[in-house]
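Reader: Could you take me on a close walk through one part of this model, the sheets of chain B, and then show me what lies around them? I'd like it as one connected story.

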Amino acid sequence: MLKTRIIPCLDVAEGRVVKGVNFVDLVDAGDPVESARAYDAAGADELCFLDIMATAENRSTMFDLATRTAEQCFMPLTIGGGVRSHEDVRDLLLAGADKVSFNSAAVADPNVVAEAADRFGSQCIVVAIDAKTVAPGKWEIFTHGGRRATGIDAVEFARTVVAKGAGEILLTSMDRDGTKRGFNLPLTRAIADAVDVPVIASGGVGTLDHLVEGVTEGHASAVLAASIFHFGTFTIGEAKEHMAKAGIPMRLT
Amino acid sequence: MLTTIVDYESGNLHSAQKAFERMAAETGAGEVLVSARPEDVVRADRIVLPGDGAFPACARALRAQSGLFEALEEAVIGKGRPFFGICVGMQMLADLSHEYAPTPGFGWIGGEVDKIAPSDTSLKIPHMGWNDLVIDRPHPVLSGVQTGEHAYFVHSYQLHVREQSHLLAHCDYGGRITAIVGRENIIGTQFHPEKSQRAGLRMIANFLAWAP
């Protein structure tokens, strides 16, 4: 049986983890590769690096990070942030990423998704959707860290990018991100039920029950969280045990 | 001893390379070379064929390298060198794939590649993530890997073998999914051993020591 995935996400700027990872046994909490190794050992199902600077200079540090992580962690790695074209996808895959995530570029032109999926296969193309509630049961895509409205309906957009070849959707609720109030469940469910590819729920996790709800009520195939793991509030193992007790199939290591 | 990972510009070679290099170093299994040159395939003691993406694109890319398929055939079928196919590299063993358009494979393991069709239609395609293996037949490459261990899958198509004796392991996803196939000196995994942590690295180490 396929297991629900737990994915810790590391925000990276200039080759360093932003906010740091608070693991007791970590020598350098700001080193993304060391954090990745700790999550690998802790039983995380995948890892996600998000390049929050997405500048040209920072790009080469992401290649280096991907390479060094792939040398040491034999688990799936997704990299996103500032990915603009299928050439960017190629460079990141060659550096060591397993999946690459489009965000603003897919909003500007969903055909970049088709070009990348045609060339490398849907299995490695993720589209990250940042959405905000604009009316009950209505969600809109926002770009630029949630500051810029696009007028594009999130559910429609999810259908569009999947039709273009996206193999997975990373859905972040901008009105929940950082609040610790839990996922935006109606949004998550609306998108998970609208597309036939896996949806990763993101944004707002504060408790282990939030992770459970993302799957049972939000219909997500995977849950992504950052601070609850980075700050050591919960371990990956505790999260998995909790979800398994709630009846969700988990890979317990 | 030389293990050649066949580079035909398909998908993520880096991870496979690093995993084979790491296990070759740990087990003293010699050199790991990534190459598209037919002579590096012919002279290899072991051959790994990775593969990501769509079957027709992979088949096309492989055939586009002049002499590469012939070199594989000479090494694997002619000389009986151990062969490890990964993901689409495993599907390539089949007679035929129906992904996009009917495309012939190597025909080394009888069978065809078809879209996954879970009985529960709410199940997502691709089949992406960790699934537990059911070992159907013991095999030297699976030594130390038990039924119930997890492997990392990412695929929308699967190989249906004609001969049940060629099915070494499966998993369940609204029906049976072929996980590992093999015959004589040939083995292939639908999942990514290089992404499957302990169990995957174990299989890679076993392959590097396998003397069929």
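Author: Let's start with a single pair: B:His170 has B:Thr178 of E13(B) as its bridge partner. That pair belongs to a longer match, in which strand E12 (residues 167-172) and strand E13 (residues 176-183) of chain B run antiparallel and share 5 bridges. Keep in mind that this is a predicted model.

Now zoom out to the sheet that holds these two strands. It is an open sheet of 8 strands in chain B, ordered E2-E1-E3-E4-E14-E13-E12-E9, and its pairing is mixed. Strand E2 (31-35) and strand E9 (134-135) of chain B sit at the edges with a single partner strand each, so each has one side without a neighbour in the sheet. As a general reminder, strands of a sheet pair through backbone hydrogen bonds, either parallel or antiparallel.

Just past the strand we began with, there's a backbone detail to look at. B:Glu184 sits in the loop between E13 and strand E14 (186-189) of chain B. Phi of B:Glu184 is near 40°, so to speak on the positive side, and this residue is not a glycine.Chain B has a second sheet too. This open sheet is made of 4 strands in the order E6-E5-E7-E11, again with mixed pairing. Strand E6 (103-104) and strand E11 (157-161) of chain B stand at its edges; each has a single partner strand, so one side of each lacks a neighbour in the sheet. For E11(B), that partnership is with strand E7 (residues 111-115) of chain B: the two run antiparallel and are joined by 5 bridges. If you want one pair to click on, try B:Gly111, which stands opposite B:Val161 in E11(B).

Follow the chain out of E7 and you'll come to another spot to check. The loop between E7 and E8 of chain B contains B:Pro126. The peptide bond joining B:Ile125 to B:Pro126 is cis, with omega at about 5°.

Stepping back, chain B counts 6 helices and 14 strands. Its C-alpha atoms fill a box of roughly 45 × 40 × 30 Å along the principal axes. A compact globule of 212 residues would have a radius of gyration near 17 Å, and the 16 Å of chain B agrees with that.

What does chain B touch? Here 29 residues of chain B are in contact with 27 residues of chain A. On the chain B side, helix H1 (13-27), strand E8 (127-132), strand E10 (150-155) and helix H6 (197-209) each supply at least two residues. The largest share, 6 residues, comes from E8(B). By type, the chain B side divides into 10 nonpolar, 12 polar and 7 charged residues.

Across that contact is chain A, with 10 helices and 11 strands. The radius of gyration of chain A is 17 Å, close to the 18 Å that the globule rule gives for 253 residues, so chain A is as compact as a globular protein of that length. The box filled by the C-alpha atoms of chain A is roughly 45 × 40 × 35 Å, taken along the principal axes.

Two helix pairs in chain A round off the tour. In one, helix H6 (residues 154-164) and helix H7 (residues 185-194) of chain A have axes that come within 9 Å and cross at roughly 30°. Angles under 35 degrees count as roughly parallel, and H6(A) and H7(A) are therefore roughly parallel to each other. The crossing of H6(A) past H7(A) is right-handed. H6(A) brings A:Ala154, A:Val155, A:Ala158 and A:Arg159 to the contact, while H7(A) brings A:Leu187, A:Ala190, A:Ile191 and A:Ala194. Sorted by type, those residues come to 7 nonpolar, no polar and 1 charged.

In the other pair, helix H8 (residues 208-216) and helix H10 (residues 236-245) of chain A pack at about 50°, their axes 9 Å apart. H8(A) and H10(A) are therefore oblique to each other, and H8(A) passes H10(A) in a right-handed crossing. From H8(A), A:Leu208, A:Leu211 and A:Val212 meet A:Glu238, A:Ala239, A:His242 and A:Met243 of H10(A). The residues of this contact divide into 5 nonpolar, 1 polar and 1 charged.

How values were computed. Residues numbered from 1 in each chain as written. Chains lettered and ligands numbered in written order. Predicted model: local features only at pLDDT ≥ 70, side-chain atom pairs only at ≥ 80, totals over all residues. Axes fitted to C-alpha atoms, helices over the stretch in contact; angles between N-to-C directions. Parallel < 35°, antiparallel > 145°, perpendicular 65-115°, else oblique. Left-handed = near helix turned anticlockwise from the far one by under 90°. Contact = placed C-beta atoms within 7 Å. Nonpolar A, V, L, I, M, F, W, Y, C, P; charged D, E, K, R; others polar. Pairing = 2+ DSSP bridges. Rg over C-alpha atoms; globule rule 2.2 N^0.38 Å.
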